Structure formats: structure tokens, C-alpha cells
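The following note sets out comments on the model shown below. The points run from the overall fold to individual residues.

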Amino acid sequence: MTSALYEIETSEADDGTMVPAEGIWTPAGEEAVDRGFVVYRELYIGGISAPHDDNLYPQAFITLGHHRWTGVIEAAAAYMDRVHKWRTLHLYPGDDPVARIPEIPRAVHTFGVFLRHPHPDHPCGCEWDDSWRMVWTPPTEPGAVPITAMRHPAAHPAATGIPDPDRGVASATWAA
């Protein structure tokens, strides 16, 4: 299955037909928490890696819904504390505290589609079961949900791929 914006992963069934290996997913409630989101003051926040990166620590944070920048900063700090037992948001664990870090990033209101493996109708039992990925999309894409995104302060701004309103991304605006 393909879309103009993203491709849903497929796999080959025993009879040779191609079946979807992932399905559109809307993270909510306990299911979101079971898949790695942290709840902080009613904000659901998750850490994401840069595209094609196996980094141990998140390069960016996403919160479900559109929120104020200050709430996302607080939630990101809580995420780093709860998930990585690191009480500072500014550096990654093990970083040199005298190293220069980029400025605190601005939060962006945007939209995305969550794709979860496996597709509910075609479980495969592979190592990717119960994992998810997110694709930035315009709000009109089927399954799109509002997201507030912010890069980690220690991540290089270009590494995260977060939509940038200053670069003409129509589906993104700066959070207040």
C-alpha cells in the first residue's frame, strides 16, 4: 500500500500475496503508555530517534495534541527522568557538562500518522511486533493526529527532521 506521503510496510504471506505489515494506529490511553509514551500532567509524550538512527536517547520529543511550549519542555524533562533516569534535559547521559549545547528548541504544532507493527489482521511474530513509527503529514491525511514536536536540546537541529514553519511547511506552526 502506498500513499503520496508514506508507504505502509508489507510482507509476503504463505500463498505469495502481499499483506500489510503495519496499520494506522492512534495512540491513546493505556495503549499509548504500553508503547512507550509517558504521561506527564495529562500530556502524552514520547521520544523519537532521528530517521534511520539507532541512537539510545531521543533526538526529539512528540506530544499527542497541540500544547504550549512550556508544557512540552516540562514533559520532555519528565520523560528523560522516567525513561533514562536522567534529571537534566539539556545533555544526554554521559555528555561532558562543559560542552556547548544548542539553544533550547522551539516547539512546533504539526500533524503525523502513526503506523504500528504488526497489522492487526496479519500478525507475524517478528522482532518488530508492537513497535511504531510516525510520519509527518498534512492534517488532511487519513489517520493524521495533531502533534507538538520539539528536538532534544543536545540534538543537532537538522538531525531530527521536525517540520520547520520557517521553511514553508504549511502544516506546521510555532507553539506559543
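1. Read along the sequence, the secondary structure of the chain runs β-β-β-α-β-β-β-α-β-β-β-β. This amounts to 2 helices and 10 strands. The model under discussion is a predicted one, and the remarks below should be read accordingly.

2. On overall dimensions, the C-alpha trace spans about 60 × 35 × 30 Å along its principal axes. The radius of gyration of the chain is 17 Å, which agrees with the value near 16 Å for a compact globule of 176 residues.

3. As regards packing, 43% of the 176 residues count as buried. Among contacts with a separation of 6 or more, 65% are between residues 24 or more positions apart.

4. The accessible surface of the chain comes to about 9,900 Å², and carbon and sulfur atoms account for 52% of this area. The chain carries 12 positive and 24 negative charges, and the mean positions of these two sets are 13 Å apart.

5. Arginine 116 deserves a separate comment. Is this residue, at 16% relative accessibility, buried or exposed? Arginine 116 counts as buried, because 16% falls under the 20% cut-off. The residue belongs to strand 7, which covers residues 108-117. Its side chain is joined to that of glutamate 31 by a polar contact of 2.3 Å. When neighbours within four places in sequence are set aside, the residues in contact with arginine 116 include Glu31, Arg35 and Asp130, as well as Trp25 and Trp132. Ala21, Glu22, Gly23 and Ser131 are also among these contacts.

6. Alanine 159 is located in the loop between strand 9 (145-151) and strand 10 (173-174). With a relative accessibility of 30%, alanine 159 counts as partly exposed. Its C-alpha atom is separated by 7.6 Å from that of glutamine 59, although the two residues are 100 residues apart along the chain.

7. Two backbone angles should be inspected. Glutamate 42 is not a glycine, yet has a positive phi of about 70 degrees. This residue lies in the loop between strand 4 (38-40) and strand 5 (43-48). Its relative accessible area is 74%, so glutamate 42 is exposed.

8. Lysine 85 is the other case. Its phi is near 55 degrees, a positive value in a residue other than glycine. Lysine 85 is found in the loop that runs between helix 2 (69-84) and strand 7. At 65% relative accessibility, lysine 85 counts as exposed.

Note on methods:
Residues are numbered from 1 along each chain as its sequence is written. This is a predicted model: local features need pLDDT of at least 70, side-chain atom pairs count only at pLDDT 80 or more; totals for chains, interfaces and linings use all residues. Side-chain values use heavy atoms; hydrogens and water are left out. Helices (H or I, at least four residues) and strands (E, at least two) are DSSP runs, numbered from the N terminus. The radius of gyration is taken over C-alpha atoms; the globule rule is 2.2 Å times the number of residues to the power 0.38. Buried means under 20% relative accessible area, exposed over 50%, partly exposed in between (1.4 Å probe, protein chains only). Contact means heavy atoms within 4.5 Å. Accessible areas come from the Shrake-Rupley method with a 1.4 Å probe; for residues, only the protein chains shown count as cover. Lys and Arg count as positive and Asp and Glu as negative; His and the chain ends are not counted. The place of a charge is taken as NZ of Lys, CZ of Arg, CG of Asp or CD of Glu. A polar contact is a pair of N or O atoms within 3.5 Å; within protein, one must be able to donate a hydrogen and the other to accept it, and residues adjacent in sequence count only if both atoms are side-chain atoms.
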